[in-house]
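Reader: I am in my first year and would like a close look at a single part of this structure, together with whatever surrounds it. Please keep the explanation plain.

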Amino acid sequence: MRILVADKDRSVLALVSARLTARGYEVVEVTEKEDVLRYLDTEPVDLVLLATEVDRYGGTYLIDHIRKRPHLTTVPVIMMTGQRRPSMLASSSRRSWSTE
């Protein structure tokens, strides 16, 4: 299973990547929004883990652009954050959210 992990914080990216790799997942690390979209347009992934902020754009911005691409509509996208700000998540047009 190939997982794309996107976060502007390289230390968080390294931690998440190390934990997933240790469990046998193939991990692709990305820190810039343009790289997320470019990768997803050229390579298949099974799951996308997005930080709530990737470079100066929010992860919700990326979800909106991911969902506009027909070949990615069924790829699961999980937002990750170290903060509890569910009001920020409400600004996006997602089907469901969990703050756990």
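Author: A residue counts as buried when its relative accessible area is under 20%, as exposed when the figure is over 50%, and as partly exposed in between. Aspartate 41, at 39% relative accessibility, therefore counts as partly exposed. The same terms are needed for the part chosen here, strand β1. The model is predicted, and a word on confidence comes before the details.

The mean pLDDT of the chain is 81, and 75% of its residues reach 70 or more. Confidence is highest in strand β2 (residues 26–30), at a mean of 96, and lowest in helix α4 (residues 86–89), at 52. Where pLDDT is low, the predicted coordinates should not be read in detail.

Next comes the overall layout. The chain has four helices and six strands, and along the sequence they follow the pattern β-α-β-α-β-β-β-α-β-α. Of the 100 residues in the chain, 40% are buried. Among contacts with a separation of 6 or more, 62% are between residues 24 or more positions apart. The accessible surface of the chain comes to about 6200 Å², and carbon and sulfur atoms account for 50% of that surface.

Now to β1 itself. Five of the five residues of β1 are buried, so the strand is largely enclosed by the rest of the structure. Arg2, Leu4 and Ala6 point one way from the strand, while Ile3 and Val5 point the other way.

What lies beside the strand? Strands of a sheet pair through backbone hydrogen bonds, either parallel or antiparallel. Here, four strands form an open sheet in the order β2-β1-β3-β6, with parallel pairing. β2 and β6 are the edge strands, each pairing on one side only. From one strand to the next, the twist averages 20°. β1 is joined to β2 by five bridges in the parallel sense; one example is leucine 4, whose bridge partner in β2 is valine 28. With strand β3 (residues 47–51), β1 pairs over four bridges, also in the parallel sense. Valine 5 has leucine 49 as its bridge partner in β3.

Helices complete the surroundings. Helix α1 (residues 10–22) packs on the sheet and touches β1, β2, β3 and β6, and its direction makes about 170° with that of β2. Helix α2 lies across β1, β2 and β3 and runs at about 165° to β1. Serine 17 belongs to helix α1 and is buried, at 8% relative accessibility. Leaving aside its neighbours within four places in sequence, serine 17 is in contact with Val27 and Glu29.

Following the chain out of β1 leads to aspartate 7, which sits in the loop between β1 and α1. Aspartate 7 is buried, at 8% relative accessibility. The C-alpha atom of aspartate 7 is 8.0 Å from that of threonine 52, although the two residues are 45 residues apart along the chain.

The remaining topic is charge. Side chains of opposite charge can pair when their charged atoms come close. The structure holds five salt bridges. One of them involves β1 directly: the side chains of arginine 2 and glutamate 26 meet at 3.1 Å, N to O. Arginine 2 lies in β1 (residues 2–6) and glutamate 26 in β2, so the pair ties together parts that are 24 residues apart in sequence. The two partners can be set side by side: Arg2 is buried, whereas glutamate 26 counts as partly exposed, at 43% relative accessibility. A network of salt bridges links Arg2, Glu26 and Glu43.

Two other salt bridges involve residues outside β1. Lysine 33 and glutamate 34 meet through their side chains at 3.1 Å, N to O. Lysine 33 is buried, with a relative accessible area of 8%, and glutamate 34 is partly exposed, at 32%. Arginine 69 and aspartate 41 form a further salt bridge, at 2.7 Å, N to O. Arginine 69 lies in the loop between α3 (59–67) and β6 (77–80), and aspartate 41 in helix α2 (residues 33–42), so this pair ties together parts that are 28 residues apart in sequence.

To return to the chosen part: β1 pairs with β2 and with β3, and its residues are all buried.

How values were computed. Residues are numbered from 1 along each chain as its sequence is written. This is a predicted model: local features need pLDDT of at least 70, side-chain atom pairs count only at pLDDT 80 or more; totals for chains, interfaces and linings use all residues. Side-chain values use heavy atoms; hydrogens and water are left out. pLDDT is the predictor's confidence in each residue, from 0 to 100. Helices (H or I, at least four residues) and strands (E, at least two) are DSSP runs, numbered from the N terminus. A salt bridge is a side-chain nitrogen of Lys or Arg within 4 Å of a carboxyl oxygen of Asp or Glu. Buried means under 20% relative accessible area, exposed over 50%, partly exposed in between (1.4 Å probe, protein chains only). Two strands pair if DSSP finds at least two bridges between them. Axes are lines fitted to C-alpha atoms, for helices over the stretch in contact, and angles run from 0 to 180 degrees between N-to-C directions. Contact means heavy atoms within 4.5 Å. Accessible areas come from the Shrake-Rupley method with a 1.4 Å probe; for residues, only the protein chains shown count as cover.
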